[in-house]
Amino acid sequence: MIRKINIRRGLQASHWLVVLAIYFLIPRISFSQNVYNTGSSLTIKSGTVIYIKGSYIHSDGDIDNDGEVNIVDSLVNNDAGFGVFGDPANRPIAGTVTFEGITDQQISGTGMPVIFYNFKFKSASLSTFKLFRQFEVGGQLIFEAGNINLNGRLIDLGTTGNLSGETNARRISGSAGYITASRNLPIGFNGEIADFGLHIDVGVNNFGPTEVRRSHFALKPFSSNGNINRFYDFRPSNPGLDPAPTLIMDFFDNETLPGHTLSDYKIFHSFKD
């Protein structure tokens, strides 16, 4: 169940915390073991599905993915100059990478962060996807089964990415790290940011380009006045005005403190100039 709580506070502060080109045209291609890319340029056309029944280890090259890549094990990027499916100057505008293993999966490597358009996690055994390297999503980060453990890293949804399908049974967690998104919040903006579970009606405020970070650990260890395993870090370009905007914060049952009900919770907020 998703829980909601309303927040209305003054927001005068500027930062507050709450070489070989391969074209895949065949509809379905399957690799029965690990796949290594040491310099090939791969083009996967729309409608084509690539199954990798192992891990994908990327050292050099690039993938132009307009179709779907399914990975049963994990993804390793050791390319310092490219994010496997795109780079900051050439971001993917289509294509889905699906992780659907029966054991825990991970993303790791010594290269730059992996850049996806759509990232889908649908573990067959309700296992966990663990980050050992940050990644970026420009389209949808889709939950179908299993949890994502931030493991102290970050997921960057940028200015266009959104969460999709997150529930109490399949969600983001982690004792450190955060997921972030950036949106422009002009006067009159009223909506949810990146499906983060944070709804804001800015009213007369013009926050401008704003980064919102969501973390999944308690800032204060559990006690009689501890906090749930979720908080938001709101970073607008412009300070707020009165009247203050209105916020609605969603959270899941599995993020709450044991033995407490919704009426027990109060809002904690802090400001940083």
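**Notebook: aromatic cluster and charged pairs**

I started with the aromatic residues and found that F85, F99, F116, F119, F121, F129 and F135 form one aromatic cluster. The model I am reading is predicted.

Entry 1, rings. I searched the whole structure for aromatic pairs and got 11. I looked first at F116 with F119: the ring centres are 5.2 Å apart and the planes stand at 80°, so I logged the pair as edge-to-face. F116 has a relative accessible area of 1%, and F119 has 0%. Both values are under 20%, so I noted F116 and F119 as buried.

I then took F116 with F135. Here the centres lie 5.4 Å apart and the planes are at 90°, so this pair is also edge-to-face. F116 belongs to strand β12 (residues 114–116) and F135 to strand β15, so the contact ties together parts 19 residues apart in sequence. I checked burial for this pair too, and both F116 and F135 are buried.

Entry 2, salt bridges. My search of the whole structure returned 6 salt bridges. I wrote down three of them, beginning with E136 and R91, whose side chains meet at 2.8 Å, N to O. I asked myself which parts of the chain the pair links. E136 is in strand β15 (residues 135–137), while R91 is in the loop between β9 (75–77) and β10 (96–99). The two residues are 45 apart, and I recorded the pair as linking distant parts of the chain.

Are E136 and R91 buried or exposed? E136 is buried, at a relative accessible area of 12%. R91 is partly exposed, at 42%; that value falls between the cut-offs of 20% and 50%, which is why I did not call R91 buried.

Next I looked up E211 and R213, which form a salt bridge with the closest N and O atoms 2.9 Å apart. E211 and R213 are both buried.

The third bridge I noted joins R235 to D233, with 3.1 Å between the closest N and O atoms. D233 is buried at 9% relative accessibility, whereas R235, at 27%, counts as partly exposed. I put R235 in that class because 27% is not under the 20% limit for buried.

Entry 3, charge over a ring. I also looked up R214 and found that R214 lies over the face of F196. The distance from the ring centre is 5.8 Å.

Note on methods:
Residues numbered from 1 in each chain as written. Predicted model: local features only at pLDDT ≥ 70, side-chain atom pairs only at ≥ 80, totals over all residues. Heavy atoms only, no water. Salt bridge = Lys/Arg side-chain N within 4 Å of Asp/Glu carboxyl O. Helix = DSSP H or I, 4+ residues; strand = E, 2+ residues; numbered from the N terminus. Buried < 20%, exposed > 50% of the residue type's maximum accessible area, 1.4 Å probe, protein only. Phe/Tyr/Trp six-rings, centres within 6.5 Å; stacked < 30°, edge-to-face > 60°. Lys NZ or Arg CZ within 6 Å of the ring centre and 35° of its normal.
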